[in-house]
Amino acid sequence: MALALALAFGLAACQPAATPPTDAEILQAEARVPADVALAERYQRSCRVCHTVRGQAPLVGHTASWAPRVARGRDALLASVQAGLNGMPARGLCPDCSDEELRRLIDFLVEGR
Ligand code: HEC
């Protein structure tokens with residue numbers, strides 16, 4: 001039993017979307033935009049296209065999808081965005097975003113506001 005649980009949690013850690021978003025959560029995600037106008041412009045032409053759809057990318061503002069990633073720390077998340085990760089191109093398709101802007105965009109994706 002303990003082994004089965006350990007295995008289950010181990011596997012869960014490798015599967016980011018353990019709780020897939022509902023249709024309502026997808027609609028919520030589509031409506032989210034950073035309050036800051038300059039950041040919103042960057043978000044809408046880069047992160048948004050992948051992080052508001054059902055797929056590999058964790059949904060903006062969807063806590064269950066982000067929890068296992070946030071547990072690794074924001075610096076680790078920034079490093080993934082800078083270098084790219086599997087389906088995500090380097091700098092999340094925002095080559096002109098500064099590291100500071102990427103940090104703010106990551107905070108927005110995780111918190112949804
Ligand atoms: C072309 C699609 C695409 C775009 C554009 C994109 N992402 Fe992603 N992103 C993904 C995918 C797919 C993953 C999941 C990668 C994996 O874990 O296999 C991901 C994962 C992430 C993660 C989690 C990384 C980790 O270490 O777990 C963060 C943070 C992130 N994206 C931030 C951003 C930000 C910020 C932007 C905009 C600047 C952005 N993404 C743009 C597809 C995209």
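1. In this predicted model, the face of helix α6 turned away from its buried side carries two exposed residues, Asp-75 and Ala-83. The helix runs over residues 74-83, and its buried residues are Leu-77, Leu-78, Ser-80 and Val-81. These four cover an arc of only 160° around the axis, which puts them on the same side of α6.

2. The cover over the buried residues of α6 includes two other helices, α5 (63-70) and α7 (99-111). After α6 comes Gly-84, with a positive phi near 90°.

3. Helix α7 has 13 residues, which at 1.5 Å a residue should span 18 Å; the C-alpha atoms at its ends are 18 Å apart, so the two values agree. A glycine follows this helix: Gly-112, with a positive phi near 80°.

4. The buried residues of α7 are Glu-101, Leu-102, Leu-105, Ile-106, Phe-108, Leu-109 and Val-110. A reader checking this list should note that Glu-101, a charged residue by type, is on it. What covers the buried residues of α7 includes α3 (37-45), α4, α5 and α6. Helix α6 is thus named in the cover of α7, and α7 is named in the cover of α6.

5. The loop between α6 and α7 holds Asp-96. Asp-96 counts as partly exposed because its relative accessible area is 42%, and that class lies between the limits of 20% and 50%. Leaving aside neighbours within four places in sequence, Asp-96 is in contact with Arg-42, Arg-45 and Glu-101. Glu-101 is one of the buried residues of α7. Asp-96 and Arg-42 are 54 residues apart in sequence, while their C-alpha atoms are 8.8 Å apart in space.

6. The largest pocket holds about 570 Å³ of space. Its lining is made up of 27 residues, and those nearest the pocket centre are His-51, Ala-57, Pro-58, Leu-85 and Met-88. The elements that give two or more residues to this lining are α4 (48-51), α5, α6 and α7. Of these, α7 gives the most, with four residues.

7. By residue type, the lining of the largest pocket divides into 17 nonpolar, seven polar and three charged residues. Helices α4, α5 and α6, which give two or more residues each to the lining, are also among the elements that cover the buried residues of α7.

Key
Residues are numbered from 1 along each chain as its sequence is written. This is a predicted model: local features need pLDDT of at least 70, side-chain atom pairs count only at pLDDT 80 or more; totals for chains, interfaces and linings use all residues. Side-chain values use heavy atoms; hydrogens and water are left out. Buried means under 20% relative accessible area, exposed over 50%, partly exposed in between (1.4 Å probe, protein chains only). The arc is that of the directions from the helix axis to the C-beta atoms. Contact means heavy atoms within 4.5 Å. On a 1 Å grid over the protein atoms alone, a cavity is a set of points where a 1.4 Å probe fits but cannot get out, and a pocket is an open set with protein on both sides within 12 Å along at least five of seven lines; lining residues have an atom within 4 Å of a point. Grid points are joined across faces, edges and corners, and a volume is the space filled by probe spheres set on the points. The expected span of a helix is 1.5 Å times one less than its number of residues.
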